[in-house]
Amino acid sequence: MGKDQINILIGSDIKYAPYYGVMLTSLFENNKESQFDIYLLTDNSWTKKATKKFEKLCANHNSRFFMRVIDDETMKVCPLNPHNHISRSTYYRLMAATLLPDTIDKILYLDGDMVVRGEIRDLWNYDLHGKAIAGVADSLHYDDETYSRLGFDKKYGYFNAGVELINLKYWREKQVSRLAISFIESHQDNLPLMDQDTINAVLADVKAFLPICYNFQTMYLTKYFSKNFTPAFMEDVLANSKHPVIIHYNGGIKPWHWRYYGLPYQKEWDAAYKASPWHHARIQRPWGKHLKNLVKRATNKQSYLNDCREQYIMEVLHL
């Protein structure tokens, strides 16, 4: 029986390259029965050194690496949110149908702030049934204001853009990239979640929803969001919290930041980091910015852990 051939899409500038490397390492290590074609959409910041490193990583796992550079002018219309950590590269996936080979009818997009802990074969083989895209419900999916702001009915739901199974054939036929840019142009001041808002609105009635194990967001475990979940959704969260296939660290604090110390699934990210070709690189944990947390951790580890964990439903993970 031959190995599965899976197309993976990533979008990154050079600053996020190490974290995508960690994510891909976890993908390869936990999907040894599959082969991957990795397609990177990036900008002019990308370096030859980074390309060689990604090519080697892919080759070592019997996979291939392809790159497409996007002109900055193409995405200049896309607004940035000054209140979050997301760069303009998050919009690059919107251009996938126009930049990738026409021979590719389907691709799986994965964010860089993730680790893959299990096989994604079933995810890849999910039947889109003529849908344009499939994703997992966002931690903010319950919020009425989101739907009124974006102008579509709540019955269609709102997914998180970290994992997207994209029907490229549909996108080409319906010119989704053009529709997305047009939507962005007419909603410049009303897209706090940027490309995620855009694609949810543009494809409101032609999207499907995947099991939450394929994009288990750490924000599911915060009191701020979970208090608004329906009992059924909360039960789903609890059931999937022990063994999610893909963990998504979707908050502003990432596992490579000092402030993430002791928070959910830190060990899983650290293990992928150590197994990656980037294990010798310095993790982005700036001393000055988080000095107070470092001192607290050094002087009273348990107090620090309790403070960190206060907003999370830690009993779910028995940490």
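This report walks through a predicted model of one protein chain, from the whole chain down to a few helices.

A few ground rules come with the model: local features need pLDDT of at least 70, side-chain atom pairs count only at pLDDT 80 or more, and totals for chains, interfaces and linings use all residues. Residues are numbered from 1 along each chain as its sequence is written, and side-chain values use heavy atoms, with hydrogens and water left out.

**The whole chain**

You'll find 13 helices and ten strands in the protein chain; helices (H or I, at least four residues) and strands (E, at least two) are DSSP runs, numbered from the N terminus. Of its 319 residues, 56% count as buried. Here, buried means under 20% relative accessible area, exposed over 50%, and partly exposed in between, with a 1.4 Å probe and protein chains only. Take contacts (heavy atoms within 4.5 Å) between residues at least 6 apart in sequence: 80% of them join residues at least 24 apart.

**Two helices with a buried side**

| Helix | Residues | Buried residues | Arc |
|---|---|---|---|
| α7 | residues 176-186 | Val 176, Ser 177, Ala 180, Ile 181, Phe 183, Ile 184 | 160° |
| α11 | residues 266-275 | Gln 266, Trp 269, Asp 270, Ala 272, Tyr 273 | 160° |

The arc is that of the directions from the helix axis to the C-beta atoms. The buried residues of α7 fall within their arc, so they line one face of the helix. They pack against α3 (96-99), α5 (144-150), α6 (168-174) and α8.

In α11, the buried residues also sit on the same side of the helix. Their cover includes α1 (17-29) and β5 (114-116). Flip to the other side of α11, and Lys 267, Lys 274 and Ala 275 are exposed.

**How α7 meets α8**

Two packed helices are described by the angle between their axes and the distance between the axes. For α7 and α8 (residues 194-202), the angle is about 115° and the axes are 10 Å apart. Axes are lines fitted to C-alpha atoms, for helices over the stretch in contact, and angles run from 0 to 180 degrees between N-to-C directions.

Which residues touch? Val 176, Leu 179, Ala 180, Phe 183 and Ile 184 in α7 meet Thr 198, Ile 199, Ala 201 and Val 202 in α8. Sorted by type, the residues of this contact are eight nonpolar, one polar and no charged. Ala, Val, Leu, Ile, Met, Phe, Trp, Tyr, Cys and Pro count as nonpolar, Asp, Glu, Lys and Arg as charged, and the others, Gly among them, as polar.
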